[in-house]
Amino acid sequence: MRPTSSAPSAGSGMLWLPAGSRTTRGQTRLPRPRRRRESAGRRGSTRHYAMCPPTHLESAEAPGAMDQWGLLRETLLRLGHRVSLIPPRSGLPGMVFAAHAATVVDGRVLGARFRSTARQPEAPAYLRWFADRGYGTRLEPVFAHEGEIDLVPAGRHLLAASGPHTESRAHREAGAFLGLPVVPLELTNPRFTRLGSAIAVLTDRTIAYHPAAFSAAARERLARLFPERIPVGEADALAGGLDALCDGRTVVLTDRAPGLALQLARHGFRSVPLDMSRFAGFGVGVRSCVLELRDNR
C-alpha cells in the first residue's frame with residue numbers, strides 16, 4: 001500500500017518512504033534536507049518496538065486497518081528499527097493498541113490494569129508474552145492505568161497521567177517498580193482522556209503538547225522539565241497528531257495533522273505522515289499501536 005500523498009519537497013522536513021523502493025529490510029534512503037537548521041542537533045537512535053496485528057478488530061473500520069498497520073510496521077523497519085510481533089488473540093481486539101498494555105524501562109515490564117472489564121484480559125496476555133521472551137522482572141499492577149499511553153517515560157522521569165483511566169495510586173506503584181521519579185500531570189480537558197493524546201515526548205528535552213489539555217500546575221511542571229516545548233493547536237491534537245512516535249530525529253505521525261508536521265520541521269525534526277484513518281474512530285494514531293521495548297538488548 002502506498003502513501004496517498006505525493007512526495008514532499010526537499011526542505012519541507014517531511015520524509016517520504018515509497019512502499020516500492022528497493023531497500024534492505026531495516027534500512028531506508030533518507031533525503032538530505034537542504035537547510036542545515038532542519039537537522040542541526042537532532043540525532044536519532046535505533047529503537048526496539050513491539051506490535052500486535054489488528055487481526056480480530058471488530059468494527060466498521062476493520063477493513064483496511066491491516067493495510068495501514070502493515071505500512072506503519074514497514075515504515076519503522078525502513079527507518080532502521082527492530083519490530084517484534086505479538087500474536088493476536090481471538091476475543092481481544094484491543095491488543096492491537098500495544099502501547100496501552102505495558103510500560104517497559106531497562107527491561108522491567110510494568111503491565112497495565114484496565115478499568116474497562118472488556119479489556120482486562122489484554123494485560124495478562126501481554127505479560128505472558130514477555131515471560132516467554134525471557135523478561136524476568138514483571139509486575140501485574142494493583143492500581144489502574146493504561147500502559148505507556150498514560151505512564152510515559154521521558155529520559156529519567158516518568159510522566160504520569162491524572163485522568164479517567166489512571167488512578168493516582170498507580171503513580172507510586174509505577175515509580176517504585178521502574179525506578180523513576182514520577183511527574184504527575186493532571187488532564188483537565190474531557191476531550192483528552194489519555195496522556196498520549198495530549199503530549200508527545202520527542203527527546204529528553206523536547207515535547208510537543210496541547211497546553212489546554214493540562215492543568216496550570218501540570219503546565220508548570222512541564223516547563224521546568226522540558227526547555228523546548230512545541231505547543232500544538234486543538235485541531236491537530238484532536239486529529240491524533242500527538243499520538244506519534246519519535247526516535248529523537250524522525251517523527252512518525254498521522255497525516256491528519258499537517259500543522260504539527262510543519263512545526264516539527266521548524267524545530268529540526270523530520271516527519272513521516274501516514275494514513276491512520278482506520279484507527280481514528282478509536283481515538284488513536286501511530287503511538288497507540290506501538291510499544292517501545294526499552295530493554296537494553
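Which residue forms a salt bridge with Glu148? In this predicted model, the partner is Arg294. The closest N and O atoms of Glu148 and Arg294 are 2.8 Å apart. Glu148 lies in the loop between strand S5 (138-139) and S6, and Arg294 lies in the segment after strand S15 (291-292), so the salt bridge ties together parts that are 146 residues apart in sequence. Glu148 has a relative accessibility of 3% and counts as buried. The two residues also belong to a network of salt bridges, in which Arg47, Glu148, Arg287, Glu292 and Arg294 are linked.

The count of salt bridges comes to 12. Side chains of opposite charge can pair when their charged atoms come close. Another such pair is formed by Arg156 and Asp106, with the closest N and O atoms 3.5 Å apart. This pair links distant parts of the chain, 50 residues apart. Arg156 sits in the loop between S6 and S7. Asp106 sits in the loop between strand S3 (102-105) and strand S4 (108-111). Arg156 is partly exposed, at 49% relative accessibility. Asp106 is partly exposed too, at 39%.

A salt bridge within one helix joins Glu74 and Arg78. Here the closest N and O atoms are 2.4 Å apart. Both residues lie in helix H1 (residues 65-78). They are four residues apart, about one turn of the helix. Glu74 is partly exposed, with a relative accessible area of 25%. Arg78 counts as buried, at 10% relative accessibility.

Nonpolar residues were examined next. The largest nonpolar core has 33 residues. Leu159, Leu195, Leu202 and Phe214 have the most contacts inside this core. Both strands and helices give two or more residues to the core. The contributing strands are S6 (151-154), S7 (157-162), S8 (182-186), S9 (199-201), S10 (206-209) and S13 (250-254). The contributing helices are H4 (216-225) and H6 (258-266). Strand S10 gives the most, with three residues. Leu202 touches Ile207, Ala208, Ile230, Cys246, Gly248, Val251, Leu264 and Phe269, leaving aside residues up to four places away in sequence. A second core, separate from the largest, has 23 residues. Among them are Leu79, Val96, Met276 and Val284.

Aromatic side chains also pair. The structure holds five aromatic pairs. In one, the ring centres of Phe130 and Tyr135 are 5.0 Å apart and the planes meet at 85°, so the pair is edge-to-face. Angles over 60 degrees fall in that class. Phe130 is buried, at 0% relative accessibility. Tyr135 is likewise buried, with a relative accessible area of 2%. The pair of Tyr209 and Phe214 is tilted, with 6.4 Å from centre to centre and 45° between the planes. Tyr209 counts as buried, at 9% relative accessibility. Phe214, one of the residues with the most contacts inside the largest core, is buried at 1%. Phe97, Phe279 and Phe282 form one aromatic cluster.

A charged side chain also meets a ring. Arg108 lies over the face of Phe177, at 4.6 Å from the ring centre.

Definitions and conventions
Residues are numbered from 1 along each chain as its sequence is written. This is a predicted model: local features need pLDDT of at least 70, side-chain atom pairs count only at pLDDT 80 or more; totals for chains, interfaces and linings use all residues. Side-chain values use heavy atoms; hydrogens and water are left out. Rings of Phe, Tyr and Trp (its six-membered ring) pair if their centres lie within 6.5 Å; planes under 30 degrees apart count as stacked, over 60 as edge-to-face and the rest as tilted. Buried means under 20% relative accessible area, exposed over 50%, partly exposed in between (1.4 Å probe, protein chains only). A charge sits over a ring if NZ of Lys or CZ of Arg is within 6 Å of the ring centre and within 35 degrees of the ring normal. A nonpolar core is a set of buried Ala, Val, Leu, Ile, Met, Phe, Trp, Tyr and Cys residues joined through side-chain atoms within 4.5 Å. Contact means heavy atoms within 4.5 Å. A salt bridge is a side-chain nitrogen of Lys or Arg within 4 Å of a carboxyl oxygen of Asp or Glu.
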